[in-house]
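Reader: I would like to know what stands behind the terms used for this model. Please set each value against its cut-off.

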Amino acid sequence: MRASSLLMLLATTAVAVGCGGKKPPEEPEPQPAPAPAPAPAPPDDSAERERLEREAMAREAAERARVVAADLSAMINFDYDQAAVRSADEANLDRKSAILQANPNVRVTISGHADERGSDEYNLALGNRRAAAAKRHLQNKGVDGARLDVVSYGEERPLNPGHDEAAWAQNRRDDFQVTAGGSNLVAPQ
Amino acid sequence: MTRTLACLAALIASLPATSLRLAEAAAQDTSRVNEGVRVGLEYQPGLRPGLVVLPGPGLDSVRAIVRRDLDYSDRFEMLDAGTASTSGGATGTINYGIYKLMQAAFVVEFGAAPGGVIARLHDVAASRVRSQQVFALPPASDAGFRLEVHRISDEIARWATGTAGIAASRLLFVSGGRIYRIDSDGVDLFPLTPAGQTSLSPAWSADGRQFAYTQLGEGRGGVVIQSFSTGALLPVPGTQSALNITPAFSPDGKTIAYAHSDETGTDIFTASYSDRCCAQRLTVGRYADNLSATFSPDGRRIAFVSTRAGSPQVYVMAADGTDQELLAPFDFGATGASNAPEWSPDGANVVFHREVDRSQQLFLVDVAGRRLRQMTSAGRNEDATWAPDGRHLAFVSDRSGIRQLWIIDVETGRVRQLHTPGASRLPSWSRRLGRTAAASNP
């Protein structure tokens, strides 16, 4: 009993302190009931129906573009001190290849990264090799290499600042950044 | 109680000099200092000559700097004479009997001289002055004062051992993306590159007047050469596209080697520094990496890292790129990655680090016999750089919990920290800095 009173007192104090001593906000005024929804448009109102359809299509297109953009920028990861594309990431790169061929104005910069376990300077070369490996994979699938830039950050830009296996696995990666033609992405057929 | 203490004090005072000396030696060789270090030689303090630096009236700062420099040279047992010491003053004669009892081989004495100090090295066994010289010294407030005192230390080491010390040298290193310079005794920290850009892999020119490094931009980077005295930047030919890393000057200063990374891999090039032209390709990687070139002191060979056999290992080639062969032996598929070689100033060894049990450890490979010697065993130890004497190495270690700079004496295994602010990496140690090279801060 005493304990709960004390808790209540503390809670009250905390509220008072938290609100800077001001009065608690007043109860909201009861709102008037929402106006009834407008009657559905008559079925013969074709202009309105077209507008709604256009809006729905635009939403779908935006959603598809979002998925396409996400596929295009999805990173791939690497085994320790390895620059070979893992088989699990081949589908990822194949989707990128199809997207790049459906969007011929898109340019992508591939940046290779390494975890902190390896040597600082060697990691710059390793990151470069990782980015180059993804580029070669995309070229082999028919993407023009001139649209793909290769850069490396070594271990200088970790995605996860941790110092454990999970962080390292995340940091051994290629990032894909669209540098041109990224608006109005279309999905591959 | 008081009487007991007095008796104890008297007992300590009456201890033979040998005991005092052993006590000091034991204090120096603490397990904490040598933690994580394994060397091929047993540490035998008795093999080093004992040395006393006498107090010099009005010269406390000079004495303190010199005493620490001689201690850091790891060539002497530093002995304390306490109040028993006597200075020879103008006569240059001291009571050699005291120092014979202490088993000191040398006594260093300072006296005031017009415009500077006179330093004397006494040979205790011969009961005479072995060497003495008047050194000009700027006022202690002068920016060049400490380096001048370091030169006195190095000369005293030369008088005593025949080999100059390494106190008049400096190191470059990277902290938070900036390159800093610091004296070999951890004083006079100075930033050389601006905040907000990532600068990596500083490398001294042999004459100490400039340094090369990589400016890492958006995943690309050029190699630039920066003058210490003016701060002026000079881009290295062939490094203004893609990514260019691990620069190294040739000993004659005419050539700079670097590694160029693009989508075909990473390869070593050299460019003429004096003519500012003509990048020459030394390796052909074909999707492998070749990097971290380091010249032999005669400039005729280059040790480097290559992934031609899969994992990075240390190779050697002629300075024109011919005669490429393995330098540091490894077992294919079993030996860990080996990186960051640096050729010793005497040409005998190449230091590098190798992955052992998922950490990095320092190794030496002797160039003639290709035998390996592991220098460290606990924690992560990497990116070593040679002191001008070829027996000390500065390296990066996480033994304190964060990556900081440490110095190991290859002969004794003694380790000390080079105190720098925060996490530090990629050190590069200068050669001995002459007066013309050691420009004051711009």
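Author: Two strands count as paired if DSSP finds at least two bridges between them. The model here is predicted. In it, B:Leu291 stands opposite B:Val305 in strand 18 of chain B.

Reader: What makes strand 17 and strand 18 of chain B a pair?

Author: Four bridges join strand 17 to strand 18 of chain B. The cut-off is at least two bridges, so strand 17 and strand 18 of chain B pair. The two strands run antiparallel. They form a hairpin with five residues between them, and B:Gly299 in the turn has a positive phi of about 75 degrees.

Reader: What does strand 19 of chain B pair with, and in which sense?

Author: Strand 19 (residues 313-318) of chain B pairs with strand 18 of chain B in the antiparallel sense, over six bridges. B:Val305 has B:Val314 as its bridge partner in strand 19 of chain B. Six residues lie between strand 18 and strand 19 of chain B in their hairpin, where B:Gly310 takes a positive phi near 110 degrees.

Reader: Why is strand 18 of chain B called mostly covered?

Author: A residue is buried if 20 or more other C-beta atoms lie within 10 Å of its own. In strand 18 (residues 301-306) of chain B, five of the six residues are buried. For whole chains, buried residues make up 45% of the 442 residues in chain B and 30% of the 189 residues in chain A.

Reader: What makes strand 25 and strand 28 of chain B the edges of their sheet?

Author: The sheet is open and has four strands in the order 25-26-27-28 of chain B, with antiparallel pairing. Strand 25 and strand 28 (415-418) of chain B each have a single partner strand, so one side of each is left without a neighbour in the sheet. Neighbouring strands of this sheet are turned by 30 degrees against each other on average, direction ignored. Inside the order, strand 26 (residues 392-397) and strand 27 (residues 404-409) of chain B are joined by six bridges and run antiparallel. One of the partnerships there is that of B:Val396 with B:Leu405 in strand 27 of chain B.

Reader: Why do strand 7 and strand 8 of chain B count as paired?

Author: Two bridges join strand 7 (residues 178-183) of chain B to strand 8 of chain B. The definition asks for at least two, so this pair meets the cut-off. B:Phe190 in strand 8 of chain B is the bridge partner of B:Arg181. Both strands belong to an open sheet of four strands in the order 8-7-6-29 of chain B, with antiparallel pairing. Its edge strands are strand 8 (190-191) and strand 29 of chain B, each pairing on one side only.

Reader: Why are helix 2 and helix 3 of chain A called oblique?

Author: Their axes cross at roughly 125 degrees and come within 8 Å. Angles of 65 to 115 degrees count as roughly perpendicular and those over 145 as roughly antiparallel; roughly 125 falls in neither class, and the pair is therefore oblique. The crossing of helix 2 (residues 46-73) and helix 3 (residues 90-102) of chain A is left-handed. A:Val68, A:Asp71 and A:Leu72 in helix 2 of chain A meet A:Arg95, A:Lys96 and A:Ile99 in helix 3 of chain A. By class, that contact has three nonpolar, no polar and three charged residues.

Reader: What angle lies between helix 4 and helix 6 of chain B, and what is it called?

Author: Helix 4 (residues 60-72) and helix 6 (residues 145-161) of chain B pack at about 50 degrees, with their axes 9 Å apart. Roughly parallel needs an angle under 35 degrees and roughly perpendicular starts at 65, so about 50 makes helix 4 of chain B oblique to helix 6 of chain B. Their crossing is right-handed. Among the residues of helix 4 of chain B in this contact are B:Ile65 and B:Val66; helix 6 of chain B gives residues including B:Val149 and B:Ile156. By class, the contact has eight nonpolar, two polar and two charged residues.

Reader: How many residues put chain B in contact with chain A?

Author: Contact requires C-beta atoms within 7 Å. By that rule, 29 residues of chain B are in contact with 18 residues of chain A. Elements that give two or more residues to this side of chain B include strand 9 (198-204), strand 17 (290-295) and strand 29 (425-429) of chain B. By class, this side of chain B has ten nonpolar, eleven polar and eight charged residues.

Notes
Residues are numbered from 1 along each chain as its sequence is written. Chains are lettered from A and ligands numbered from 1 in the order in which they are written. This is a predicted model: local features need pLDDT of at least 70, side-chain atom pairs count only at pLDDT 80 or more; totals for chains, interfaces and linings use all residues. Two residues are in contact if their C-beta atoms, placed from the backbone, lie within 7 Å. Ala, Val, Leu, Ile, Met, Phe, Trp, Tyr, Cys and Pro count as nonpolar, Asp, Glu, Lys and Arg as charged, and the others, Gly among them, as polar. A residue is buried if 20 or more other C-beta atoms lie within 10 Å of its own, exposed if 12 or fewer, and partly exposed in between; C-beta atoms are placed from the backbone. Axes are lines fitted to C-alpha atoms, for helices over the stretch in contact, and angles run from 0 to 180 degrees between N-to-C directions. A crossing is left-handed if the near helix is turned anticlockwise from the far one by less than a right angle, and right-handed if clockwise.
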